[in-house]
Protein chains: 4
Amino acid sequence: MLQGYSLPLSPLGQANIVGTPPWHFSGDTIAFEFWSSAHAAGAILPPGLTMDSDESGRMLALFTDWQFTAQDNELLDPARYQYREFCVLVAARWKEKPVYWTPYAYCDNDSAIARGWIQGCPKKLGSIYQTRTFAAPGPASAPIAPGSKFGVSLSANGRRLANGRLTLRQERAATQFALDRPTVGRRFLPNLAAGHHHAPAVDDLVLAVPDDFTIIDVWSGDAELTFPEVVGDELHILGPVRVSAGYRFSLSSTISDLTVLKSFTK
Amino acid sequence: MLQGYSLPLSPLGQANIVGTPPWHFSGDTIAFEFWSSAHAAGAILPPGLTMDSDESGRMLALFTDWQFTAQDNELLDPARYQYREFCVLVAARWKEKPVYWTPYAYCDNDSAIARGWIQGCPKKLGSIYQTRTFAAPGPASAPIAPGSKFGVSLSANGRRLANGRLTLRQERAATQFALDRPTVGRRFLPNLAAGHHHAPAVDDLVLAVPDDFTIIDVWSGDAELTFPEVVGDELHILGPVRVSAGYRFSLSSTISDLTVLKSFTK
Amino acid sequence: MLQGYSLPLSPLGQANIVGTPPWHFSGDTIAFEFWSSAHAAGAILPPGLTMDSDESGRMLALFTDWQFTAQDNELLDPARYQYREFCVLVAARWKEKPVYWTPYAYCDNDSAIARGWIQGCPKKLGSIYQTRTFAAPGPASAPIAPGSKFGVSLSANGRRLANGRLTLRQERAATQFALDRPTVGRRFLPNLAAGHHHAPAVDDLVLAVPDDFTIIDVWSGDAELTFPEVVGDELHILGPVRVSAGYRFSLSSTISDLTVLKSFTK
Amino acid sequence: MLQGYSLPLSPLGQANIVGTPPWHFSGDTIAFEFWSSAHAAGAILPPGLTMDSDESGRMLALFTDWQFTAQDNELLDPARYQYREFCVLVAARWKEKPVYWTPYAYCDNDSAIARGWIQGCPKKLGSIYQTRTFAAPGPASAPIAPGSKFGVSLSANGRRLANGRLTLRQERAATQFALDRPTVGRRFLPNLAAGHHHAPAVDDLVLAVPDDFTIIDVWSGDAELTFPEVVGDELHILGPVRVSAGYRFSLSSTISDLTVLKSFTK
């Protein structure tokens, strides 16, 4: 009897690339709030979502160092389960509800890519780095303090897709931070049978349902962010026309559910 | 209007991790024919497939350096599309038909992982290496000739999963080689909605339908193959009790179709 | 006029793999104090160092996540300069002075490898991971608290060289921790001219001279550590016969000097 | 008694990052002949070399897939020893003798980096890719034939440093190809002792002395090559003002010697 939550199913159920939820995450994020052109922002939305007219073009770029665990002490096997992630969130509306749409995401770990696809987050493989803060003082420690600087980058296939810098200015209440809407993704499995290449087997707009979502230690500051143009990627089309703020914070969350908003296959 | 064959769909349709078929492949393979215990071989088969009683326990391990292209000169962007792959094939039967089942596969490229999942091949990220043959003569060239030696390895998450060696003995007719059955995979997309974690959205046994499948320059020889035990993977359970032969050959193929043998979700 | 501290020298002096000291470091370390056999410990010492008879066979294995900067905001380019490191330290004596000898070291960054060679630390490329602690609470956060568990690993060339686990028990004064001796390395540049392959151009026993060396937030706990046997590496020969303690701490340091204890080439 | 050719020296002599010469190489190269500005070409030469007045500004960029072996079947451990390399060669003169100077080089393997430093080749870690040719025919095979196209790239730290394309036109005699001069490098080991940071311990201009240097299967064709500007690297300063030709060929060589042309430390 083959066991597992995902492929590969196996006799002991230990080989699957993603194990059974709940999945637990804790991480440090450097976030950029920026504004894309209204045209670019509109063109990236899937059917069913609409521009948020109060904030057309507002987006977030998140660079996160993540630690993951499920039920089997995965956090003690960091070579397999620790990872880094970049994603873009676009302010949008599902009917009247303010949401964030996830057009692009990258991470450096295959298990995280697979979780992303199961969640409707379109992850590709990339290299993501952020300046970290370390406790022992010195020129290399990047303390959480006014004036402290942090750099971030995203690369894929040896090409730089994003560069950013944040200079911390002040601590903020967590409630003042902008990560205040649920996230919408798209679960999507293409068909390969001849004649059906453009009729996916699964194509569902889905709403993330995180548990125990905690954001702490929020700081805001001055920020710069650029998306260099790269052939074969389209992130640069969302290139900031304005970067309004940067943030650094820690967050944790548990995932074991989602809601299908709309299925395009039925 | 978002475009693409797979996620992420995008305005220009260039960001998708996998573009529209047909997909074309050309590569060099070092293959090992080995025998696992009948118990291990039986335990790795999915519902619907049965042991091949004439060859119970016969398997192949394939290490391939692949070049890929679709319709847009992808082979000219090797940083994104060139890759290496390992897979295991298990001799089995679908009803009366002799087939190969694919329980495990690894590759070093995210686009290839995604294609695998679309095809029903359970790819995870790994590092695969094979000794190559080079035209300029010398101690490092590994010519295709009797006595020439080739090494292979598979690692994932910094752990060695397979080691092999092949010593070439003689050229063989391509028809004598064992890669003589179609391949069966399992398309599988788990659900994340609470209460449905063990009711996948897609769970189909599928038969690969390659076009223009060509195998040339087949050599056989003496072979060794081991699967070291690694926590969190189960490849070692298929560890060879006997390695009957090794092969080196070149192969090319085009993929743009598959057949669903059986859907477990309906 | 070509500029730079190390190769490649270049017109602007920005291409060199390692820039001019001082070099500043801040990091988090998980350390294991272990005992190797006296025979193995003696066989790994270079000429000029002797066994420390009070502690023959005592060693440390350090797994560190490092942030580096020099004079040009290198910490804001983490894709190039942030790295992870493993090293072994062997308790020894230089004349009467208690020191640590560094027989083996690995890191995941070429600039750090080059700094190592300049310092006399024999770094090779490896993948090093440690469970991190994150501020946002939850099952994945690994808090600094009694009972909290941390995993570490070292791999090179797809082979696992070290696995360890630490369970925190209690906070300790920094002065109680064992990293209490200066480190000895060996600067070594082989010759390639025919007839001189075994007469290195540089072969100096050197003593590290760190500035501003700070260790804080020291915790100790119960520890396990193994060095699996791997062909082509000899770390396993130092495999622990006993693991006496594990530690987690933060440290920072500045490097801009060393002392030559003895030159073997003159 | 510690053994080995390079660090780390060890009881069995198997841990050293580079073993004793001779070193044997066989590979496939895609080469670009290009012309930099005379100013840039002059500014990259070390003391002792002069511009080649007949060809001021002529350079080669070489992208090579290499297989390496020494005396211990290293080619059978491709995960450790197979690698890819990029280097630039600048036409210059040592006294009257036409030579190539090596200002920049990258490869994806730590053992190859260390060999480079021992040879006076200033290697840094990078990702190098070339379209390969495969024997099995099809759209992905890139045959060696007129009109066949090959792409190459170099990246380091997630930033693209070079992109090139070659379209094969005709086979050439090996003697017509431009790789017709010996290569000059610079062996260089900085000092770290305070007050001596700019007085390297070793700083020698050296001439490579390859044995059994073989070039075969030379094809030439039309070529494009660009060096995008990247902060922290200076390759783009040599950016082609004209690309005169591209080549694909196979080559093999053995290295066990070099000649010191001039020592700057004495």
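Okay, let's start with one pair: A:Arg159 makes a salt bridge with B:Asp77, and their closest N and O atoms sit 3.1 Å apart. By salt bridge I mean a side-chain nitrogen of Lys or Arg within 4 Å of a carboxyl oxygen of Asp or Glu. Across the interface of chain A and chain B, the rule finds two salt bridges.

Quick housekeeping. This is a predicted model, where local features need pLDDT of at least 70 and side-chain atom pairs count only at pLDDT 80 or more, while totals for chains, interfaces and linings use all residues. Residues are numbered from 1 along each chain as its sequence is written, chains are lettered from A and ligands numbered from 1 in the order in which they are written, and side-chain values use heavy atoms, with hydrogens and water left out.

So how many residues of chain A are in contact with chain B? It's 58 residues of chain A with 58 residues of chain B, where contact means heavy atoms within 4.5 Å. Between them the two chains bury about 5400 Å², 66% of it on carbon and sulfur atoms. Buried area here is the accessible area (1.4 Å probe) that two parts lose on being put together, summed over both.

Which part of chain A gives the largest share of the side that touches chain B? That's helix 3 of chain A, with six residues. Helices (H or I, at least four residues) are DSSP runs, numbered from the N terminus. The residues on that side of chain A split into 35 nonpolar, twelve polar and eleven charged. Nonpolar covers Ala, Val, Leu, Ile, Met, Phe, Trp, Tyr, Cys and Pro; charged is Asp, Glu, Lys and Arg; the others, Gly among them, are polar.

Now look at helix 3 of chain B, residues 110-119: nine of its ten residues are buried, including B:Trp117 and B:Ile118. Buried means under 20% relative accessible area (1.4 Å probe, protein chains only). At the N-terminal end, B:Asn109 caps the helix, with a side-chain oxygen 2.9 Å from the backbone nitrogen of B:Ser111. Just after the helix, B:Gly120 has a positive phi of about 90°.

Last bit: symmetry. Turn chain A by 180°, with a shift of 0.0 Å along the axis, and it lies on chain B with an RMSD of 0.0 Å. That's how a two-fold axis relates two copies. The fit is by least squares on the C-alpha atoms of residues with pLDDT of at least 70 in both. And 100% of the interface residues of chain A are also interface residues in chain B, so the copies meet through the same surface.

How values were computed. Helix = DSSP H or I, 4+ residues; strand = E, 2+ residues; numbered from the N terminus. Buried < 20%, exposed > 50% of the residue type's maximum accessible area, 1.4 Å probe, protein only. Polar contact = N/O pair within 3.5 Å; in protein donor to acceptor, adjacent residues only side chain to side chain.
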